[in-house]
Amino acid sequence: MRSFITKTVANMPPSGIRKFFDIASEMKDIISLSVGEPDFVTPWNVREAAIASIERGYTHYTSNHGNPSLRRLITRYLRERYQTEYDWKTQILVTVGASEALDLAFRAVIEPGDDILVPAPSYVSYMPGVAFAGGTAVPIETKECDDFTVTPEALEAAITSKTKALILPYPNNPTGAVMTQSQLAAIAPVIEKYDLFVISDEIYSELTYGGNHCSIASFPGMYPRTVVINGFSKAFAMTGFRLGYAAGPEDVIAAMLKIHQYFMLCAPTASQHAGEEALRHELDTGFAQVNKMVSDYNRRRTFVYNSFKKMGLSCFEPRGAFYVFPNISGMGMTSEEFCYRLIDEKHVACVPGTAFGEAGEGFMRCSYASSMENLKEALKRIAEFIDECRK
Ligand code: PLP
């Protein structure tokens with residue numbers, strides 16, 4: 001019998017993160033810094049809202065767009081936090097995680113033959129998502145010396161007549177880089193000059209340290225050509241609720257809705273009620289719960305970053321998300337070898353930088369979404385390993 005699987009899917013390598021995560025989950029005495037989700041349990045008021053939703057019998061589909069009350073809160077949130085104004089009726093689509101919103105944006109915008117620029121290293125799903133939508137992902141290598149940001153020069157050099165869109169992944173997974181208002185202002189004219197669309201993945205927008213997140217959609221010239229992707233997984237520790245959203249130009253949201261209404265119908269109803277509670281509570285309390293989590297992450301970030309510096313490694317200081325991305329290129333082995341040996345010899349799981357594209361060679365991703373106790377033990381073991389490698 002012939003294979004019925006498409007070449008695009010058959011040829012797609014499995015996620016490099018999953019590989020390390022799976023090894024880690026089968027070992028005893030392992031400390032895993034490989035996960036990309038908050039270690040906090042979802043705040044109780046949010047869990048209670050989901051329970052209440054089910055108890056009250058809200059067990060049906062919602063509007064394809066998402067509940068109006070949730071969409072209104074999302075627009076309030078985007079206005080108050082990022083100074084962007086959206087019409088809740090036509091410019092917001094509630095999705096199954098930021099993941100679905102990304103997939104919808106790719107399928108609504110990309111046609112065969114289109115090139116999509118993807119800063120690298122970056123989140124593992126962009127390249128496969130672009131390929132599944134029929135496009136070609138073209139990496140723009142971001143460098144440690146540029147704080148892993150996209151410079152106007154690198155952007156312009158990567159553009160050809162086939163380029164249709166740019167994915168803007170900040171705060172960045174895996175580097176922890178952010179792009180400031182002035183850095184975004186520097187690339188905006190290039191985006192306009194070549195008439196590109198922007199898919200701005202802002203899922204880590206709440207997790208920034210020492211400066212608030214700036215959304216590229218807050219620039220008047222960028223607003224009509226940007227779809228913002230965000231969600232509840234990271235800021236509100238709600239990964240399992242699978243709740244996200246897209247905010248953007250009416251025609252793009254309408255196109256995304258068309259796909260969503262045929263195949264997803266709506267995001268889970270109880271999750272939408274939980275998301276409403278999360279947003280309402282935080283907006284009304286000056287982001288009390290989020291700020292508490294952010295200050296905890298910040299303590300761990302400082303500890304992990306300083307620990308790598310003490311080991312004598314070059315390490316970019318992350319300013320967002322919950323990852324540190326130390327440079328291990330001087331260790332005499334590839335990132336993948338380093339991570340395999342680290343897991344094998346010291347029972348610490350980190351993710352090789354190459355899981356996020358070839359540009360990640362020479363680095364590894366360590367998540368600090370883990371208890372301080374775990375982090376201390378893991379960093380002690382990593383320091384021992386590095387000492388042994390240097391001998
Ligand atoms: N975007 C980035 C950069 C991520 O790191 C992740 C998850 O790790 C996602 C999107 C997916 O988020 P969600 O859980 O909302 O689907």
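**Note on the ligand site and selected local features**

1. Twelve positions make up the ligand's surroundings: Gly97, Ala98, Ser99, Tyr123, Tyr126, Asn173, Asp201, Ile203, Tyr204, Ser233, Lys234 and Arg242. A residue is taken as near the ligand if one of its heavy atoms lies within 4 Å of it. The model is a predicted one, in which local features need pLDDT of at least 70, side-chain atom pairs count only at pLDDT 80 or more, and totals for chains, interfaces and linings use all residues. Residues are numbered from 1 along each chain as its sequence is written, and side-chain values use heavy atoms, with hydrogens and water left out.

2. The shell comprises five nonpolar, four polar and three charged residues. In this scheme Ala, Val, Leu, Ile, Met, Phe, Trp, Tyr, Cys and Pro are nonpolar, Asp, Glu, Lys and Arg are charged, and the others, Gly among them, are polar. Helix H5 (residues 97–109) contributes the most to the shell, with three residues; helices (H or I, at least four residues) and strands (E, at least two) are DSSP runs, numbered from the N terminus.

3. Three polar contacts (pairs of N or O atoms within 3.5 Å) deserve mention. A ligand oxygen lies 2.7 Å from a polar backbone atom of Ala98, and a ligand oxygen is 2.5 Å from a side-chain N or O atom of Ser99. Asp201 places a polar side-chain atom 2.7 Å from a ligand nitrogen. Of the 400 Å² of accessible area that the ligand has on its own, the protein covers 92% (Shrake-Rupley method, 1.4 Å probe).

4. Across the whole structure there are 18 aromatic pairs, counted where ring centres of Phe, Tyr or Trp (its six-membered ring) lie within 6.5 Å; planes under 30 degrees apart are stacked, over 60 edge-to-face and the rest tilted. Phe40 and Tyr297 form an edge-to-face pair because their planes stand at 75°, with the ring centres 5.3 Å apart. This pair links distant parts of the chain, 257 residues apart: Phe40 is in the loop between strand S1 (31–32) and helix H3 (44–55), and Tyr297 is in helix H11 (residues 288–310).

5. Which residues are joined by a cis peptide bond with omega of about -10°? They are Tyr170 and Pro171. Asn173 and Pro174 are also joined by a cis bond, with omega about 25°. Pro171 is found in the loop between strand S5 (163–168) and helix H8 (181–193), and Pro174 lies in the loop between S5 and H8.

Methods:
Polar contact = N/O pair within 3.5 Å; in protein donor to acceptor, adjacent residues only side chain to side chain.
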